[in-house]
Amino acid sequence: MLALTACGSGAEETLPAAQASFARQDYIAARTALTAVLKDDPGNRAALELLVQVHLRQQDADAAESALDRLRRAGGDEAAMTLWQAEVILLKGRADEALAMLGSAAGPEASRIRAAALIAANDRAGAGAAFRQGLTAGWNVRLASAYLNFLLDAGDPAAARGLLAEMNRKEPEALETLLDAGRLALAGGDTATAARSYAAAGQAYPHRVEPLCGLAAQLDADGKPDEAMAALDRAEKILPGQRCVNAMRLTLWAVRGEWEKVRSALQPVEADLDPRSPEAMTYGEALIRLGKPEQARALFNRSLLAMPQNPFARLMLAEAQLATGDAEAAFATIRPLAESTLAGTRELELAERAARAAGQPEADVLRARLGSADLKQRQAMATQGMAALMRSDWNAAIAAYQPLLAAGEDGEVLKRLAWAATNAGRHDEAIDYADRALKIMPASADALHLAGLARINAGRDVGRGRELVNQAVAAEPENPRFRRSLELATAAAR
């Protein structure tokens, strides 16, 4: 009896410690404490329920499933176990099965898992609806954070900022709130605010690596790659092998020109790389720098096919084509970038080299543009405009981009003006800019999208706006910004 009493007393003391560790998101300590509880009391349902959640937070699907099996034998709550099992299935990459298991389950947690599964199934409209339904059903900071990042990825920073304001009102000290504040600030070019947010997150949650990953991104943006790498080294000591650490390390190796390290890290998973991912882009550039342009060309071909509007994929494909001796293809690839008033030195130099190697007469014109007195001035305007777009200062962006039209109509400049104007509520200008861009580049999915979005936001000719956005989605079905606009169009039509 003395032995049994001692075991019971230990579990009674250790379980609250595990719960406290879980609350401060120290999942390693929580798991250690729960292991001790379950060693003495294998059927402790409260401990098993918490252990399942710990494994899910760590995205360890196999361990979570094993803990779920034990919880079923202990008689766990069926509704809760259904949600957790659905999340396990989702972590294993089976989105359709996860959705089927969720069925009609309601509430914030069910909505969070359902939205994640719908994103994985490329149903972004459904995911947006799931997010909103979940937040209507009740507050959940993890659900709010997932929705905020969904909105930010879909190119809707204004809605993301509105949601962050709500997170700050309801749970200002939550890790998710602090991290999202940092990400939004960094996306807007406000590195000082981002640094404060990540520092606060790191101080409040010293056992998590995400604040250090965010800090590394902020230091990189401030041009301090060595300090950023030191932050990642600290994160690696807390919890080795985390995805955000590995991804940021690749970025910093690229900044420092350590291409062999990039190649060594990604070559084993080359076949699994999504051609749209930052990892694939970095790997492709590493291949070019290491004298493997044929492989890089194949990779960037896939990237540009998946993301026709991505200027980096276009630039790198042209560089790979030129390096393989196909100057004509290189010039054809880089030409749309080089023809724009927004073209910088890098685009113009590559275009001039490709044109000269291909024997194209445009080579001399490009050389003249590189030597022109107003190149730096135009680049400065373009930089100011992009910085204003990043911080959502729409009127400042319009003021920066408008003078660039003095040299003539430019589709890329007009697209940026349309985006800024529609977000600023300057609807007449937005529609005008978007239509002029579409006239210049009628096959551009981005131009189609903006012409549609300008009408939807203005509440004018919404049917035509929806038709244009539908065309953009048909051209690029996985583009999150286009999907978000289609969602807005659908709502406007009701």
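**Reading burial and one loop residue**

Student: What share of the residues of the protein count as buried?

Tutor: Buried means under 20% relative accessible area, taken with a 1.4 Å probe and protein chains only; of the 494 residues of the protein, 47% fall in that class. This is a predicted model, in which local features need pLDDT of at least 70 and side-chain atom pairs count only at pLDDT 80 or more, while totals for chains, interfaces and linings use all residues. Residues are numbered from 1 along each chain as its sequence is written, and side-chain values use heavy atoms, with hydrogens and water left out.

Student: How many helices and strands does the protein have?

Tutor: Both are DSSP runs numbered from the N terminus, helices being H or I over at least four residues and strands E over at least two; here there are 29 helices and 0 strands. The radius of gyration, taken over C-alpha atoms, is 26 Å, close to the 23 Å from the globule rule (2.2 Å times the number of residues to the power 0.38), so the protein is as compact as a globular protein of that length.

Student: Where does Asn-479 lie, and is Asn-479 buried or exposed?

Tutor: Asn-479 sits in the loop between α28 (462–475) and α29 (480–493), and Asn-479 counts as buried because its relative accessibility is 13%.

Student: Which backbone nitrogen does the side chain of Asn-479 reach?

Tutor: A polar contact is a pair of N or O atoms within 3.5 Å where, within protein, one must be able to donate a hydrogen and the other to accept it, and residues adjacent in sequence count only if both atoms are side-chain atoms; the side chain of Asn-479 reaches the backbone nitrogen of Arg-481 at 2.9 Å.

Definitions and conventions. Buried < 20%, exposed > 50% of the residue type's maximum accessible area, 1.4 Å probe, protein only.
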